[in-house]
Amino acid sequence: MPLEAGLLEILACPACHAPLKEQERELLCTGQDCGLAYPVRDGIPVLLVDEARRPG
């Protein structure tokens, strides 16, 4: 389920403040040194560093 159109424009990675991009059921940090992937549950982004998936 895609997020609302303007939502990605205002969201940022809580760890490094880089913009996020939507990919399947996650929001991926675009920061080169960060790369965390935040889950989207029931259409709601969970922007908690403890809930994020580390880059593999």
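**Exercise 1. Is glutamate 24 buried or exposed, and what is its relative accessible area?**

Before solving, note that this is a predicted model, in which local features need pLDDT of at least 70 and side-chain atom pairs count only at pLDDT 80 or more, while totals for chains, interfaces and linings use all residues. Residues are numbered from 1 along each chain as its sequence is written, and side-chain values use heavy atoms, with hydrogens and water left out.

Solution. Step one is the cut-off: buried means under 20% relative accessible area, exposed over 50%, and partly exposed in between, with a 1.4 Å probe and protein chains only. Step two applies the cut-off: glutamate 24 has a relative accessible area of 75%, so it is exposed. Step three places the residue, for glutamate 24 sits in the loop between β1 and β2 (26-29), where helices (H or I, at least four residues) and strands (E, at least two) are DSSP runs numbered from the N terminus. Step four adds the backbone: phi of glutamate 24 is near 55°, which is positive although the residue is not glycine.

**Exercise 2. Describe the backbone and the exposure of histidine 17.**

Solution. Histidine 17 belongs to the loop between α1 (7-10) and β1 (20-23), and its phi is positive, about 70°, in a residue that is not a glycine. With a relative accessibility of 62%, histidine 17 counts as exposed.

**Exercise 3. Find the number of disulfides, and examine cysteine 16 and cysteine 34.**

Solution. The criterion is a pair of cysteine sulfur atoms within 2.5 Å. For cysteine 16, the closest cysteine sulfur is that of cysteine 29, at 3.4 Å, which is too far for a bond. For cysteine 34, the closest cysteine sulfur is in cysteine 13, and because the separation is 3.8 Å, it is again too far for a bond. By this rule the count is 0 disulfides. As to accessibility, cysteine 16 is partly exposed at 33%, whereas cysteine 34 is buried at 16%.

**Exercise 4. Set the surroundings of alanine 52 beside those of alanine 12.**

Solution. Begin with position: alanine 52 is found in the segment after β4 (44-45), while alanine 12 lies in the loop between α1 and β1. Alanine 52 is buried, with a relative accessible area of 13%, and alanine 12 is partly exposed, with 31%. Turning to contacts (heavy atoms within 4.5 Å) and leaving aside neighbours within four places in sequence, alanine 52 touches Leu36, Ala37 and Tyr38, and under the same exclusion alanine 12 touches His17, Ala18, Leu20 and Leu47. Alanine 52 and alanine 37 are 15 residues apart in sequence, with a C-alpha to C-alpha separation of 5.3 Å. Finally, the C-alpha atoms of alanine 12 and alanine 52 are 13 Å apart, with their positions 40 residues apart along the chain.

**Exercise 5. Compare the radius of gyration of the chain with that of a compact globule.**

Solution. The chain contains 1 helix and 4 strands, in the order α-β-β-β-β from the N terminus. The radius of gyration is taken over C-alpha atoms, and the globule rule is 2.2 Å times the number of residues to the power 0.38. For 56 residues a compact globule would have a value near 10 Å, and the chain has 10 Å, so the two agree. The C-alpha trace spans about 25 × 20 × 15 Å along its principal axes, and 30% of the 56 residues count as buried.
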